[in-house]
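Okay, thanks everyone, let's get going. I'll put the structure up and then walk you through a few parts of it.

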Amino acid sequence: MSSTMKMLRKIYQQSDKKSVVTELIALRPISPVDTAESHPFQTVFEDTNPPPEPVDQFAPYLSRKLTLKRNERIEKLKAKMQQAKPTFVLTGSNAMAPDDEVSQTQSAIVRPNLERKNDIYNNLTTRALQKHIKMEQCFDKIVSQSSSMPLPRLFETVLQTYFLAEKVLFYHDVSSVKVLYCPSTTTYCSHGQCLVGYCQFARQILNIPCASRHIAYDAKEEYANCPPDAHVLVFPLYDGSTHVKAVIEVVRNSASPAFNDDDEKFVEYLQEKCKIYSRWLFQPILDDSFAADLMHTCRLRQFVESISDKLTKLFSCHDAEIWMYNKTKEQVFEYKPDADEPVQIPANDSGIPGFALRKEIPVSCISCRVHSAYNQKADGNGDYSVLAMPVRDPDSPVIYALVLRGKRVLQFFTDYDEKILSRVTSYVISALVSAEIVEKNHLALEESLRQQKRLRSLLEVAETLAGQLRMDVLIPNIMTRACDLVKADRCSLFLVNDTHDKLQMSFGAGLKTTIEIPINAGIVGWTATKGEILNIKDAYDDPRFNRGTDLATGYRTLTILSVPIFDDKRGIRGVTEMINKLDGVFTEEDEKLIQIFNVFCGISIENARLYRASLDLTMQLHSFRDISASLSQSQTIKKLLEEIIKNTRTVIGAVYADFYISENGQIQFAPFVQDEDIDETSKKEQMKKEGKSEEDALGVKRAIIARLMQGGAEYDAEEKKEEEIRNQKIQKSVNLKESILDNNEKDYEKNMMIVPILSSDRVVLGAVVMRWKKTMKPFTHDDLKLLESYSVFLSLSLERFKLKNIAQLGSLEVETQNVMTNDERTLSILPAKLAMTDEERGALLLRNFEATDWKGIALFKVIFNVFDYFGLLKKYKIPNQVMFSFLYEMRDSYNPVFYHNWTHAVDVTQFMSHALVIANLREFFTQQEILVLLTACICHDANHDGFSNSYNLKAQTPLGILFKNQSVMETHHCSVSISVLTHEESNIFNIFDDDTLAGIWQLFIDLIMATDMAKHFDILDAIKAQMLAGHSWKEDPEFRRLFMCLLIKAADISNCVREFQTADRWCDVLCEEFFKQGDLERAQGMEYSSPMNDREHLDKAKSQIGFYKSVCLPLFELLAEIEPAFQVFVDNCKNNLAQWMQRAEAKEAEEKKRKEEEEEKKKKEAELKAVEEAQKKDMEEMDRQKKQREEAKKKQRY
């Protein structure tokens, strides 16, 4: 009771506050936009409670004036009450009381009674005034907070305080679906059901002392909010048109007093106030900035996608669609994000949107499936709500509609949703019309640019033909431009062969292999024989089209444009076939353009053919001259044979050339000399790897070179079978001492020529094999005669040398001989075979360098060129033999682990050189310091076993025991490297005296020890201290040393600042190394030394985010702070970090979706199980009843 008194006292103390009812208009956000004047579209929604008209600038002053007048009326009312008080005080007149004693006695008796009556009257009037003020204050609270608080929660909070109730529930009346909905409890009931439904239907105040006694009370539905013994006060709220807008249910427990007449009077007061101000109170709040945001001009696709996203967020629904209906043509269209124009929908399949458009009425329903116009194609499964709002254009027969589907929070859309949608629909459609205009203008601009591009392409082709005679370059270039010109997906070029009986494909985009067809076969054959253009709209409808290629490749040919190519004598030279126009069918303009193109093609093909013939003849002459010169020089037999084989292969135009030597009368089937066309084999390698990995042609070439240098690679079963067949044919040629010409009609790669090499006395010395002609044509007899001519040079060479006396050299010596001559060994100049091309040299010092593209001896080539770039070989007189020996020994010291291997060492060395160049540090570092920096990079992970320092210490490995309490692996790297560098044959520091050498060793060891991640933060802190002290690394020796340590640390983790694809690949191999250590730790029963070692639970993206933020980014930011030129590293590190974060977010979203699907699956399984159990119980009950009936029948019989 004390709490009640406190609340009443608080209300009484606030009675002097001004009412804010008259300032309601100023509190509500009023839109200044006049829909009728801003656009012509008219919504079909009929609002029974429309918002008020916009107010002018004097509204706040008017509101205050009304408030003052109201307060004056209250004061006058108080004054009148004081004046109207009845007075019963009697005077002492003699006329009234002749007897003084009697009069005095009567006066003494009457006066107290009259004073008591006056006090009672005063109390009653004061109490009525206080109640009125209390009601005003209550409504003032509702009004003052209506713009900042949701209306249901506001009513519930204020009325709960006013009524001192246990609970107050605010139910919206959703008239479109005939439902009353309470947002605070998310419960709802239909019209006429429960107490609130009855109140809405009866339109009267219900004061129920005991809830369960009312006929409409439903204990099952209302027990949670309204107990059976509770006191209940239920009343509706109306708008200005007396429509029920809401129903409020006030609940008190049975221990509290029941509702009285005063409470009902307040309800009547509240109803009247809400009716007066309903146009302000019961209006949804819509920010004008949202309407402005809808009016942004953009292209149609972007607009549809953007507006759909905005509407789904505004209305909290699953989908938002835009539909259109043309009344004249009776056509229905839908705007979709993936279409540049509205997509026509059959009228019978337009569903609920089509119904709303044709009837021009809004549609709102809880479930699509229950609507008469429901169509599964347009409306989906129908288990969700839908709201359609049409809008008409009075100036055209077009009607638009916005359709919302699947309300997320509720099962239906509310009246507020309908009002908001009716307001924004006109804005959306106006913006849609603007977007359609923008789209049309943009398409027109694109068409204009396309025409300009076509004319420009014709000029470019003419310029290209004027200076290009190589057909292998010319034809792909022209055909690619032709595809772009007519917007074709693919194109092919067929040329007539020399015998004029076949068409050979010279260019075929999309095909892995070329084909050869009869000259009268198919569509191109018809064009070649008739000399006429074929423009086919549907290839499968043309009987001349051969579907075999589509079946073999899985490609679907639709449209074809086949145009003949004529020579200068009007003879058919070939056919150009354009396939699948990207934006429709080929036009007459396309035919004319390709005809012009074919004129250029015919001229260029003839010129290229003549040019090629002259080149072939010149090549043969030069080849004979070179071979003759080689015979007169003193060189090894193998090198001589290689030159002869290479020249022979080049002249004949073969891809592969092999020479087999004969020993003791037997052919050795392991090729003694091999040569191949790397360009052609790289293409084959790429086609094999298609769909698995993307490897550039240069990387494939290097892989092939490495395979050749290593003596070949393993063959799969099919290649072994082919090799056996080839060996049988070689043996046959040797036995018969005759040449063999063997062409395979099905596979041109298996075409071969075999010529035995005979001595002057016809003793077999070996055999030469040419395979796979580059032109994809069969070998001819002229090719065989040419090969027999070259075999004479092979015979002469073999007879001059004694093959059996060739000394078998060690691996180091062999590799040295392969890369440098004897004269180059003692020189300090880059060996010719290790020199890079200008293109390779230019890419050597770039940040996007890919160390994994360089294999075998090519990695030596990288380091040799880096040392040569900085002039270290020449400066410190390091002989090539010593440098090569040093690299050879260091390469062998590295273990074949996943990450810390020889390739990683070369990668770190290259990045160090890149850093020196990009910041121009070679101007500040001495060449001696650069030598030590690069050498430390080469040696920094020597003999790394793939395990971390912490593992070696925990597992008590020999290294962990030997180098305990220090950097285990880094100390071991120093030990291994020093042992190599102190050997005389690999000592690149041999030129330095002892004093200088001591400083070199100290710096060398410091740099390698700095790569220990345990010292990472100590080094960073030491550098920061130097910077705070104002020191410069260029002057302070200690700061200089620390700066070099920071550089090698940056090079060691340089993957994080390279391109993201490179960083991702290096991260994969590093994780594999961590996983290997983690597997070993788990097998030994040890705890993981790092979370990254856990193969099963590692999140690669999240681990990289932590590593970048804590290690990489601070390091490179400090590096950029010292030298601003390194800011590019910071930028790329941040870019890579952003991509890792995107991956992590995508993975989290995918995981969340997976869990939701699993939960949904479990839920469905549980429901299915419950149904099965219910069915099982029903069957058991039926069996039990059946048995009872049978027993009853038996009893009746007896």
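I'll talk about one helix and its neighbours, then about two residues with unusual backbone angles. Keep in mind that this is a predicted model.

So, the helix is H35, residues 968–981. Does its length add up? Let me put that better: how far apart are its end C-alpha atoms? They are 20 Å apart, and that agrees with the 20 Å you'd expect for 14 residues at 1.5 Å a residue.

Next, its surroundings. Of those 14 residues, 11 are buried, so H35 is largely enclosed by the rest of the structure. Among the buried ones are Val968, His972, Val976 and Val980. And what do the buried residues pack against? Helices H30, H32, H33, H34 and H36.

Let's zoom in on H36, residues 994–1009. The axes of H35 and H36 are 9 Å apart, and the two helices pack at an angle of about 145°. The crossing is right-handed. On the H35 side, the contact includes Glu970, Cys974 and Leu981, and on the H36 side it includes Trp1001 and Phe1004. By class, that contact has eight nonpolar residues, three polar and one charged.

Now the two backbone cases. Tryptophan 772 isn't a glycine, yet its phi is positive, about 60°. You'll find tryptophan 772 in strand E25, residues 764–773. Its relative accessibility is 4%, under the 20% cut-off, so it counts as buried.

Asparagine 920 also has a positive phi, about 55°, and isn't a glycine either. Asparagine 920 sits in the loop between H31 and H32, and with a relative accessible area of 39% it is partly exposed.

Notes: Residues are numbered from 1 along each chain as its sequence is written. This is a predicted model: local features need pLDDT of at least 70, side-chain atom pairs count only at pLDDT 80 or more; totals for chains, interfaces and linings use all residues. Side-chain values use heavy atoms; hydrogens and water are left out. Helices (H or I, at least four residues) and strands (E, at least two) are DSSP runs, numbered from the N terminus. The expected span of a helix is 1.5 Å times one less than its number of residues. Buried means under 20% relative accessible area, exposed over 50%, partly exposed in between (1.4 Å probe, protein chains only). Contact means heavy atoms within 4.5 Å. Axes are lines fitted to C-alpha atoms, for helices over the stretch in contact, and angles run from 0 to 180 degrees between N-to-C directions. A crossing is left-handed if the near helix is turned anticlockwise from the far one by less than a right angle, and right-handed if clockwise. Ala, Val, Leu, Ile, Met, Phe, Trp, Tyr, Cys and Pro count as nonpolar, Asp, Glu, Lys and Arg as charged, and the others, Gly among them, as polar.
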